[in-house]
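Me: Please take a close look at the nonpolar side chains on the surface of this model. Once that part is clear, I would like it set beside the interior and the charged pairs, in one connected account.

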Amino acid sequence: METDPGGPGDAERTLQQIAADRARLAGRMTAPRWYGPLVGLLLAALLVSTLVGDGWWRYLPALLGLGVALALDAGYRRATGIVRKAPRGGRALRVEVLQVGAVIVLYCVAALFAGMHEPLLVVAVALVGLAVGWGLVRLTDRAVAGDLRRAV
């Protein structure tokens, strides 16, 4: 079997094609416009659920939120045609850690205000959660696209 080695021009064209494919994939992985606001609303609903009180029904909003999160994930997969796996490194991994930390901090603050019987403060934290959830989706999109372009 004989191989026909191409010149430097062939290698350069191949590398340009790979870069174009990565850019196209990065654009395709961008979340639909409806995804960010719905993630923000889901986070806000989770934060407001701290007002439910004690008892077994306290876990119902979290279970409902899990179902909504799974439906959002299915909608993302349908809209983009891509299943996003956990990031392996680079900027996207740092954004994922930031997301988890932000949700934990916001939930703890909301639970603290709920324990102090301050529902208006819980709602204020939920509004912050709405903005944070929406913003983190956009930040994740940029991080994943950047990592794809750099082949991290």
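Reply: A patch, in the sense used here, is made of residues that have over 30% relative accessible area and take part in no salt bridge, and nonpolar side chains are joined into one when they lie within 5 Å. The model is a predicted one, and what follows should be read with that in mind. Under this definition, a nonpolar surface patch is formed by Val52, Trp56, Trp57, Leu60, Leu63, Leu66 and Leu70, whose accessible area together is about 760 Å². Among these residues, Leu60 can be placed in helix 3. Leu60 has a relative accessible area of 43%, and because exposed would require over 50% and buried under 20%, Leu60 counts as partly exposed.

Helix 3 also leads to the interior. The largest nonpolar core holds 11 residues, among them Leu72, Tyr76, Ala92, Val95, Val137, Ala143 and Val144. At least two residues of this core are supplied by each of helix 3 (60–80), helix 4 (90–115) and helix 5 (119–150), and the largest share, 3 residues, comes from helix 5. Separate from this is a second core of 10 residues, which includes Leu43, Leu106, Val125 and Ala126.

Helix 3 carries a charged pair as well. The side chains of Arg77 and Asp73 meet in a salt bridge, with 3.3 Å from N to O. Arg77 and Asp73 are 4 residues apart in helix 3, and therefore about one helical turn separates them. The geometry behind this is general: an α-helix has 3.6 residues a turn, so residues three or four places apart point the same way. Arg77 is partly exposed at 35% relative accessibility, and Asp73 is likewise partly exposed, at 34%.

The count of salt bridges in the model comes to 3. In helix 1 (residues 8–28), Arg13 and Asp10 are 3 residues apart, about one turn of the helix, and their side chains form a salt bridge at 2.2 Å, N to O. Arg13 is exposed, with a relative accessible area of 51%, whereas Asp10, at 35%, is partly exposed. In helix 5, Arg138 and Asp141 are again 3 residues apart, about one turn, with a salt bridge of 3.2 Å, N to O, between their side chains. Here Arg138 is partly exposed, at 22% relative accessibility, but Asp141, at 8%, falls under the 20% limit and so counts as buried.

Helix 4 gives a view of how the interior is covered. The 26 residues of helix 4 should span 38 Å at 1.5 Å a residue, and its end C-alpha atoms are indeed 38 Å apart, which agrees. Its buried residues are Ala92, Val95, Gln99, Ala102, Leu106, Ala110, Phe113 and Ala114, and what covers them includes helix 2 (35–48) and helix 5. Ala92 and Val95 belong to the largest core, while Leu106 is included in the second one. Leu93, also found in helix 4, is partly exposed, with 36% relative accessibility. Although Leu93 and Asp147 are 54 residues apart along the chain, their C-alpha atoms are separated by 9.8 Å.

A comparable link across the sequence involves Leu148, which lies in helix 5 and, at 21% relative accessibility, counts as partly exposed because buried means under 20%. Leu148 and Arg24 are 124 residues apart in sequence and 9.9 Å apart in space, C-alpha to C-alpha. Leaving aside neighbours within four places in sequence, Leu148 is in contact with Arg22, Leu25, Ala26 and Met29, and Met29 is itself one of the residues of the largest nonpolar core.

One last detail concerns the backbone. Most residues other than glycine have a negative phi, yet His117, which is not a glycine, has a positive phi of about 60°. His117 follows helix 4 and sits in the loop between helix 4 and helix 5. With a relative accessible area of 68%, His117 is exposed, whereas Leu60, in the patch with which this account began, is partly exposed at 43%.

Technical notes
Residues numbered from 1 in each chain as written. Predicted model: local features only at pLDDT ≥ 70, side-chain atom pairs only at ≥ 80, totals over all residues. Heavy atoms only, no water. Core = buried A, V, L, I, M, F, W, Y, C linked by side-chain atoms within 4.5 Å. Buried < 20%, exposed > 50% of the residue type's maximum accessible area, 1.4 Å probe, protein only. Patch = residues over 30% accessible without salt bridge, like charges linked within 9 Å, V, L, I, M, F, W, Y side chains within 5 Å. Areas by Shrake-Rupley, 256 points an atom, 1.4 Å probe, with all protein chains shown as cover. Salt bridge = Lys/Arg side-chain N within 4 Å of Asp/Glu carboxyl O. Expected span 1.5 Å × (residues − 1). Contact = heavy atoms within 4.5 Å.
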